[in-house]
Amino acid sequence: MLQSSYLLILDGRARFEGRSSLKTFLFGVVRRVASHHRRGRLRGLALITRLAAEPATDGSPIDSQDPAMSRALHGLPRRQREVLELVIYAEFTVEESAAILDISIGSARTHFHRAKQALRMALGVLDG
């Protein structure tokens, strides 16, 4: 959190304009970074749960240790799996994932979309 806050300040995306004390400004930047991180983590967990929800009886999500989920993930083409893992597990955006993998943003979006579709099909999850 502190490193991300420091980078925001260095990049000029968080500017001290003197409307408060420096201590209050720094605390606010750290608080916003932590909140953003928490929201991103919750979105990722919600997406994993939605993608992997069992259509079966008890409605509990499939754990990442579940053999069916593991087989479904390993059954994806390499590039689709890489984009999906970067976005969901490593919490990067699709755009950041594209930069990491040195592919176009459009290609990363396509891989991410196809990976989600393939997981849904492999796990028998219907959109709804």
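Let me start with Arg78, which at a relative accessible area of 48% is partly exposed in what is, I should say at once, a predicted model. Its side chain forms a salt bridge with Glu82, and the closest N and O atoms of that pair are 3.1 Å apart. Glu82 also counts as partly exposed, with a relative accessibility of 23%, so neither partner falls under the 20% that would make it buried. As for where the two sit, both belong to helix H4, residues 78-89, and because they are 4 residues apart there, about one helical turn separates them. This pair is also part of something wider, since Arg78, Arg79 and Glu82 are linked in a network of salt bridges.

Now to another pair, Glu95 and Arg109, which form a salt bridge whose closest N and O atoms are 2.7 Å apart. Glu95 lies in helix H5, residues 94-101, whereas Arg109 lies in helix H6, residues 105-123, so this contact ties together parts that are 14 residues apart in sequence. Here too we have partly exposed side chains, with Glu95 at 36% relative accessibility and Arg109 at 46%.

What, then, is the exposure of Arg19 and Glu17? Both residues are exposed, and their side chains meet in a salt bridge with an N to O distance of 2.5 Å.

Taken over the model, the count comes to 4 salt bridges. As general background, side chains of opposite charge can pair when their charged atoms come close.

Note on methods. Residues are numbered from 1 along each chain as its sequence is written. This is a predicted model: local features need pLDDT of at least 70, side-chain atom pairs count only at pLDDT 80 or more; totals for chains, interfaces and linings use all residues. Side-chain values use heavy atoms; hydrogens and water are left out. Buried means under 20% relative accessible area, exposed over 50%, partly exposed in between (1.4 Å probe, protein chains only).
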